[in-house]
Amino acid sequence: MPEPHTPEVNFVPDWPPGPLDAFREQSAFDFRQLKTVLEDINSLRLKYKIWKMLESEPLFAKIKPTPSVDEQKKIAAKQMMRVAKLDIVPPEVYAMGYLPRYRFLMSVNEALHAICPSLSIKIALGVGLFQNTLRAMGTEQHSSFYNAAWSREIVTCLAITEVAHGSNTKRIRTTATYDAQNQEFIINTPDFEAAKCWVGNLGKTATTAIVFANLFTPDGQAHGLHGFLVPIRNPLNLQLYPGVLVGDMGEKIGLNGIDNGFAMFTNYRIPRENLLNRTGSVNEDGEYMSLFSEPSKILGAALEGFSAGRLGIMQEATNTLAHSVVIAVRYAAIRKQFGPDKFGPEQPILEYQLHQWRIFPYLAAACVLKTSVYSLTDLYLKTIEKSQANSNGIDLLSQSVGEIHALVSASKPMYTWTARDAIQEAREACGGHGYLKASNLGELRNNHDACLTYEGDNNVLGQQASNWLLRQWVDGVESPMGTVNFIKRRKEILGNTFSSLSQRFEITSWQFINHCLEWLMCWLMQTIVNDMKVAKENGACPFEAKNNTQVYRAKDLSILYAEFYALSSFRLRCLKSDVATCLEPVLGLIYQIYGLWVIDRHMVAFYQGSFATGATFAESIRSNLLSSCRALKADAVTVADSLAPPDYVLNSVIAKSDGLLYQNLQNEFMTNPGALERANWWRDVLPFPKSKL
């Protein structure tokens with residue numbers, strides 16, 4: 001029987017009794033014990049409070065069939081206004097310190113995203129990211145906009161990307177030219193390729209934008225990219241102001257509650273004070289001034305506030321990953337097919353090795369990444385908090401910004417790609433029933449898809465991370481966060497082989513897995529640097545030499561860096577004193593499965609670098625991965641329960657916590673609107689003359 005949980009987690013209710021109990025009773029621990037290892041208890045308490053509150057709100061009821069695109073936008077806009085009135089974020093939150101305040105707000109975002117992804121993104125863009133940008137780049141003179149965004153007096157957005165340029169912000173072509181006579185900046189869009197686009201909230205609802213444009217002073221001098229507060233619409237009637245052309249970009253694959261828009265400006269004037277002037281300003285006479293010797297470097301540090309958005313995406317991706325594997329595991333525990341006796345009882349598909357191999361690595365990944373994103377967010381928030389408390393805060397932040405940016409730039413792709421693959425595997429593992437919209441796997445997939453390209457295209461972010469790692473390899477370790485301290489031991493690490501490590505450590509031990517990943521990162525960095533050197537000697541320019549090492553090298557390096565950090569974070573969490581003894585075996589299995597799975601997916605590189613020769617290494621990794629998956633089977637449902645939100649949030653007819661799969665499907669089929677009615681268009685399709693019908 002499971003060991004009882006502690007009373008402070010009583011806000012998490014018991015699951016209803018049912019067929020899943022046969023698996024739940026095999027665990028030696030209560031799912032709530034593991035839940036509070038994977039997530040912060042205060043964050044959990046807040047999320048359950050929000051979910052319970054919204055479940056009773058008619059505006060947040062699950063709707064079927066899917067509303068029209070325009071109706072989805074209307075619903076998301078109404079939900080945004082309703083959330084503001086529900087006192088989800090009470091005033092005392094703003095009296096908290098920086099770190100607890102942002103922890104609170106991020107937990108709110110997670111709770112909302114689990115129910116209404118469009119709503120959470122609408123608020124994150126229109127309140128969170130807007131306010132972060134104001135705090136990072138603006139000054140006291142912009143506080144009225146900050147407060148108006150929070151109270152929803154204005155609906156806001158960030159206009160950075162243009163039709164022809166997104167990742168390469170240096171080629172953004174929108175201009176803001178200062179007119180000294182009228183004390184105004186004149187915003188212009190030179191042509192359609194420079195139109196701002198993919199701007200969330202802009203299509204229908206935004207009234208104010210932070211527009212990123214190249215600043216020109218009256219002498220014709222260009223001063224680079226700056227942020228400007230630009231009124232777009234009248235907040236009272238949403239009428240566009242003259243000089244602004246705005247449109248909605250149309251239906252998307254998912255997230256259609258977000259009104260993504262495009263905008264073009266024609267000699268549009270804004271006050272001089274609307275320049276976000278923390279890093280550089282223009283005086284009344286048109287003279288550009290900056291307190292910093294390297295404004296572009298300082299702007300980069302200020303813009304690191306955008307990493308909060310990427311961390312939010314990683315938190316959302318982890319929850320999406322968790323929801324998909326919860327659905328797959330619960331379904332597999334109830335769904336029975338075949339068995340050892342042709343005419344005997346069938347067995348749950350969870351019993352099959354192939355099914356365990358398909359699903360359990362993603363189950364382990366969900367656990368590992370939940371702890372890792374918490375650790376990384378903590379690291380980020382403490383750094384920002386320290387910089388804000390220091391009078392020379394931006395300079396201080398610029399010292400750490402490289403490592404933070406590299407870690408986030410490596411992790412955001414790894415997290416979102418892992419979630420993408422987990423959703424697809426879960427959909428296929430649930431067969432035809434997984435293809436039902438009511439399974440929620442399709443909605444998870446469509447709404448998650450945008451995460452792979454917004455807030456930084458995954459492949460471009462990975463290049464930024466690998467570039468930083470290579471600089472550490474060549475120039476020496478500058479690691480305030482300590483994430484690449486292993487580079488100091490590069491000679492020792494590269495001297496390791498599978499043979500030497502396997503003689504010292506068990507294949508499934510954390511030491512073995514850790515050393516394998518350190519070796520592979522060192523080998524990749526050494527190989528990339530050598531390849532680039534040879535390419536340059538053969539006449540390639542630095543740009544070409546770098547780009548031609550991305551496939552099979554730099555991309556793998558950035559992913560591996562994120563996976564290594566995730567595993568390290570998970571292990572540190574497991575070593576804390578609040579972890580119950582009864583959890584140690586299952587936490588060890590989770591570490592083993594994820595670590596061996598990571599090694600397996602990088603198998604080719606280990607052989608390329610002669611870390612191993614012959615079949616023993618691959619066979620050892622794979623046989624131990626399969627045996628670890630088999631060992632996790634008894635606890636799989638309880639681990640899934642520890643990741644699962646309430647049924648209202650999971651919203652899957654094939655994975656309800658009562659385990660009544662077929663009864664729930666029957667109810668879904670029978671109550672589906674129009675399911676039992678004759679088609680009202682039958683006259684239009686039958687081949688008979690209408691006079692006979």
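This is a short tour of a predicted model, going from its domains to a few helix pairs, a sheet and two backbone details.

**Domains**

Start by colouring the chain by its domain assignment, which gives domain 1 (69–151), domain 2 (156–284) and domain 3 (306–643). Then show domain 1 and domain 2 together: their C-alpha centres lie 21 Å apart. The contact between these two takes 25 residues from domain 1 and 24 residues from domain 2.

**Helix 5 and helix 6**

Next, select residues 98–115 for helix 5 and residues 117–137 for helix 6. How do the two run relative to each other, parallel or antiparallel? Their axes cross at roughly 155 degrees and come within 7 Å. Angles over 145 degrees count as roughly antiparallel, so that is the term for helix 5 and helix 6. The crossing in which helix 5 passes helix 6 is left-handed.

Now turn on side chains. From helix 5, show R101, Y102, N109, L112, H113 and I115; they meet P117, L119, S120, I123, A124, N132 and R135 of helix 6. Sorted by class, this contact has seven nonpolar, four polar and two charged residues.

**Helix 3 and helix 5**

Keep helix 5 on screen and add helix 3, residues 41–55. The axes of helix 3 and helix 5 are 9 Å apart, and the packing angle is about 45 degrees. Helix 3 and helix 5 are therefore oblique to each other, and their crossing is right-handed.

For the contact, pick S43, L46, K47, I50, W51 and L54 in helix 3, then F104, S107, V108, E110, A111, L112, A114 and I115 in helix 5. Colouring by class should give you ten nonpolar, two polar and two charged residues. Two names may look familiar: L112 and I115 of helix 5 are in the contact with helix 3, and L112 and I115 also take part in the contact with helix 6.

**A cis peptide bond**

From helix 3, follow the chain into the loop that leads to helix 4 (69–85), where you will find P65. Which form does the peptide bond from K64 to P65 take, cis or trans? The bond is cis, with omega near -5 degrees.

**The three-stranded sheet**

Move on to strand 4 (196–199), strand 7 (244–248) and strand 8 (residues 261–265). These three strands form an open sheet in the order 4-8-7, with antiparallel pairing. Strand 4 and strand 7 are the edge strands, each pairing on one side only. Look along the sheet for the twist, which averages 20 degrees from one strand to the next.

Zoom in on strand 7 and strand 8, which are joined by five bridges. As a landmark, D248 stands opposite G261 in strand 8.

**A positive phi**

Step back to the loop between strand 6 (222–231) and strand 7 and select L238. Although L238 is not a glycine, its phi is positive, at about 60 degrees.

**Helix 13 and helix 18**

For the last stop, select residues 458–475 (helix 13) and residues 550–574 (helix 18). With axes 8 Å apart, the two pack at an angle of about 85 degrees, so helix 13 and helix 18 are roughly perpendicular to each other.

On the helix 13 side, display N459, G462, Q463, A465, S466, W468, L469 and L470; their partners in helix 18 are Q550, A554, K555, L557, S558 and Y561. By class, this contact has seven nonpolar, six polar and one charged residues.

Conventions. Residues numbered from 1 in each chain as written. Predicted model: local features only at pLDDT ≥ 70, side-chain atom pairs only at ≥ 80, totals over all residues. Heavy atoms only, no water. Axes fitted to C-alpha atoms, helices over the stretch in contact; angles between N-to-C directions. Helix = DSSP H or I, 4+ residues; strand = E, 2+ residues; numbered from the N terminus. Parallel < 35°, antiparallel > 145°, perpendicular 65-115°, else oblique. Left-handed = near helix turned anticlockwise from the far one by under 90°. Contact = heavy atoms within 4.5 Å. Nonpolar A, V, L, I, M, F, W, Y, C, P; charged D, E, K, R; others polar. Pairing = 2+ DSSP bridges. Domains from an automatic or database assignment.
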